[in-house]
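Work through the exercises below with the coordinates open. Try each task before reading its solution.

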Amino acid sequence: MVDVSREQMTAGSIPKALLLLAAPLVAQNLVHVANQLIDVFWLGRLGGTEVAAVGLNFPIIGLLFTVAIGLSVGTQVLVSQRVGAENLEGARRTIVTGVGLGLLGGTVLGLITFVFARDVMGLFATDPQVTTLAGAYLAVIAIGLPLATASDSLEAGFVGWGDARGALYINLATVLTNIALDPFLIFGWWHFPALGVEGAAYATILGYTAGFLLAVGLAVRGRGDCRLGLEHLEVSREDAREIVDVGWPNAGQFVASQSVRVAIVGIVAVAGGAAAVAAYTIGARVASVAFIPAQGLQQAAQSVIGQNLGAENPARATRTTWVGVAIAAGALTLIGAIQWLIPETLTTLFVPDVTALELEYTVAYLEILAYGYWAIGASYLLMAGFNGARRTRTSFVATVCQYWAVRLPIAILGVYALRMGPEAVFWAITLSNVAVAIGLGAYYRQETGSGMNRRAVEVATSSAD
């Protein structure tokens with residue numbers, strides 16, 4: 001049974017529809033965070049070199065999934081609009097096309113990564129042993145990239161339809177498979193070979209495989225009226241063009257933000273050394289958990305907004321965005337208040353043996369970051385409002401301005417010109433978050449007032465036809 005029916009999405013209580021659809025997505029995002037920590041947990045039993053090899057892979061693998069991010073958003077938005085317009089066959093065709101694009105894009109990117117894995121890792125690691133282990137891990141992960149990317153597209157199709165639990169089940173299958181296989185393949189338990197770092201990578205891609213197979217099984221078996229059969233195995237060139245057109249700006253968003261985050265780490269290191277970098281890392285970990293509710297709510301809102309536009313309800317789509325902004329901003333304000341009150345406790349929770357200087361910097365960062373939490377929640381939902389209307393380029397431009405026009409210049413000015421130390425970077429992060437929220441809010445109000453969602457209805461319904 002699906003989480004939220006089309007009737008609830010297009011005519012029922014907006015807060016109820018958002019929260020019902022967001023709840024499994026929040027759980028899914030928590031599972032995803034856990035999946036990133038599993039390999040580190042088990043490889044920590046082998047030594048620091050193995051952990052460093054996997055840690056070095058995290059930003060690279062994140063960039064590899066840029067393709068999956070773009071295709072997922074494009075698939076979700078198109079499916080939601082077609083379901084809202086009651087063009088269920090078109091929605092099914094969109095899912096199949098999204099999965100096909102995922103397999104194609106993942107295969108091309110996976111082959112390139114497999115061939116150049118060691119060379120790529122050599123650009124980042126100075127220790128030959130770390131380079132070798134990191135390259136081996138990345139090469140194995142590259143093998144599983146096609147199924148991982150295709151699985152993400154299929155998950156996005158479920159979410160666009162209003163079925164968030166399906167996506168949760170797929171992620172649980174992925175993570176539980178990884179958890180179960182990691183110790184056997186890393187340490188050679190039972191009759192398995194001891195593969196070390198490569199074993200961790202094999203467990204990960206077998207997890208991807210399990211998730212993809214479950215996703216296909218759920219789609220074929222059918223969840224509600226979202227069922228795929230042999231008669232739907234058709235990749236539409238027009239649908240493919242629309243998916244890429246809607247999704248590529250979101251992929252660009254990720255690249256724009258990640259590139260500045262790498263630069264920010266370097267600036268923090270210059271401003272405060274290892275203690276400041278440790279503070280920044282701890283703050284990023286705390287924030288990644290705190291933002292999960294807003295991320296889940298954003299995914300839910302994109303589906304609700306898309307379905308309402310497909311159902312020719314532009315005013316309800318606009319209300320959904322503002323209701324979502326209120327819920328997300330309120331929830332993150334509460335989380336921020338808790339963080340502001342107990343920054344020392346949160347710091348020692350992540351690093352029990354924190355030094356005095358690390359504690360000082362981390363407390364400052366967590367307090368400063370908390371001031372802008374409301375803005376992060378608001379921004380996620382305002383971007384959902386634009387994304388659901390296929391205005392993903394607006395979200396891309398907003399992210400570029402947030403990171404490149406506000407965050408990076410303020411950090412550079414504060415550290416290199418004003419000599420404010422790492423606190424300048426911390427304030428740059430919070431001020432950029434507030435700036436993008438205010439700017440997006442004003443622009444969304446202006447655009448919807450001038451008929452953005454009415455025009456989006458015309459596009460959605462003509463595409464559905």
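**Exercise 1: a carboxylate and its partner**

At 8% relative accessibility, Glu242 counts as buried. The model is a predicted one.

Task: Find which residue forms a salt bridge with Glu242, and state where the two partners lie.

Solution.
- Step 1. Check the burial call. The cut-off for buried is under 20% relative accessible area. Glu242 has 8%, so the residue is buried.
- Step 2. Look for the partner. Arg390 forms the salt bridge with Glu242, and their closest N and O atoms are 2.6 Å apart.
- Step 3. Place both ends. Arg390 sits in the loop between helix H15 (373-388) and helix H16 (392-417), while Glu242 belongs to helix H10. The two are 148 residues apart in sequence, so the pair ties together those parts.
- Step 4. Classify Arg390. Its relative accessible area is 17%, so Arg390 is buried.

**Exercise 2: from pair to network**

Task: Determine which residue forms a salt bridge with Asp239, then list the network that holds Asp239.

Solution.
- Step 1. Identify the pair. Asp239 bridges to Arg93, with the closest N and O atoms 2.6 Å apart.
- Step 2. Locate the ends. This pair links distant parts of the chain: Asp239 is in helix H10 (residues 237-290) and Arg93 is in helix H5, 146 residues apart.
- Step 3. Compare accessibility. Asp239 is buried at 1%. Arg93 is partly exposed at 26%.
- Step 4. Assemble the network. Salt bridges link Arg82, Arg93, Asp239, Glu242 and Arg390.
- Step 5. Put this in context. The structure holds 8 salt bridges.

**Exercise 3: a pair within one helix**

Task: Describe the salt bridge between Arg92 and Glu89, with its distance and its helix.

Solution.
- Step 1. Take the distance. The closest N and O atoms of Arg92 and Glu89 are 2.6 Å apart.
- Step 2. Take the spacing. Both residues lie in helix H5, 3 residues apart, or about one turn of the helix.
- Step 3. Classify each end. Arg92 has 10% relative accessibility, so this residue counts as buried. Glu89 is partly exposed, with 44%.

**Exercise 4: the second largest pocket**

Task: What is the volume of the second largest pocket, and what residue classes line this pocket?

Solution.
- Step 1. Read the volume. The second largest pocket has about 230 Å³.
- Step 2. List the lining. There are 14 lining residues, and the closest to the pocket centre are Val96, Val99, Val216, Leu228 and Leu233.
- Step 3. Assign helices. Helix H5 (88-122) and helix H9 (197-221) each supply at least two residues of the lining.
- Step 4. Sort by class. The lining has 12 nonpolar residues, 2 polar residues and no charged residues.

**Exercise 5: the surroundings of a threonine**

Task: Is Thr149 buried or exposed, and which residues does Thr149 touch beyond four places in sequence?

Solution.
- Step 1. Place the residue. Thr149 is in helix H7 (residues 145-161).
- Step 2. Apply the cut-off. Thr149 has 1% relative accessibility, so the residue counts as buried.
- Step 3. Collect the contacts. Leaving out residues up to four places away in sequence, Thr149 touches Val67, Ala68, Leu71, Gly102 and Gly106.

**Exercise 6: positive phi**

Task: Find where Glu86 and Arg419 lie, and give the phi of each.

Solution.
- Step 1. Recall the expectation. Most residues other than glycine have a negative phi.
- Step 2. Take Glu86. Its phi is near 60°, a positive value in a residue other than glycine. Glu86 is in the loop between helix H4 (66-84) and H5. At 62% relative accessibility, Glu86 counts as exposed.
- Step 3. Take Arg419. Its phi is positive too, near 55°. Arg419 is in the loop between H16 and helix H17 (422-449). Arg419 is exposed, at 66% relative accessibility.

**Exercise 7: the chain as a whole**

Task: Does the radius of gyration agree or disagree with that of a compact globule?

Solution.
- Step 1. Count elements. The chain has 18 helices and 0 strands.
- Step 2. Compare radii. A compact globule of 465 residues would have a radius of gyration near 23 Å; the chain has 22 Å, which agrees.
- Step 3. Take the box. The C-alpha atoms fill roughly 60 × 55 × 35 Å along the principal axes.
- Step 4. Check burial. Buried residues make up 55% of the 465 residues.
- Step 5. Check contact range. Among contacts between residues at least 6 apart in sequence, 81% join residues at least 24 apart.

Technical notes. Residues are numbered from 1 along each chain as its sequence is written. This is a predicted model: local features need pLDDT of at least 70, side-chain atom pairs count only at pLDDT 80 or more; totals for chains, interfaces and linings use all residues. Side-chain values use heavy atoms; hydrogens and water are left out. Helices (H or I, at least four residues) and strands (E, at least two) are DSSP runs, numbered from the N terminus. Buried means under 20% relative accessible area, exposed over 50%, partly exposed in between (1.4 Å probe, protein chains only). Contact means heavy atoms within 4.5 Å. On a 1 Å grid over the protein atoms alone, a cavity is a set of points where a 1.4 Å probe fits but cannot get out, and a pocket is an open set with protein on both sides within 12 Å along at least five of seven lines; lining residues have an atom within 4 Å of a point. Grid points are joined across faces, edges and corners, and a volume is the space filled by probe spheres set on the points. Ala, Val, Leu, Ile, Met, Phe, Trp, Tyr, Cys and Pro count as nonpolar, Asp, Glu, Lys and Arg as charged, and the others, Gly among them, as polar. A salt bridge is a side-chain nitrogen of Lys or Arg within 4 Å of a carboxyl oxygen of Asp or Glu. The radius of gyration is taken over C-alpha atoms; the globule rule is 2.2 Å times the number of residues to the power 0.38.
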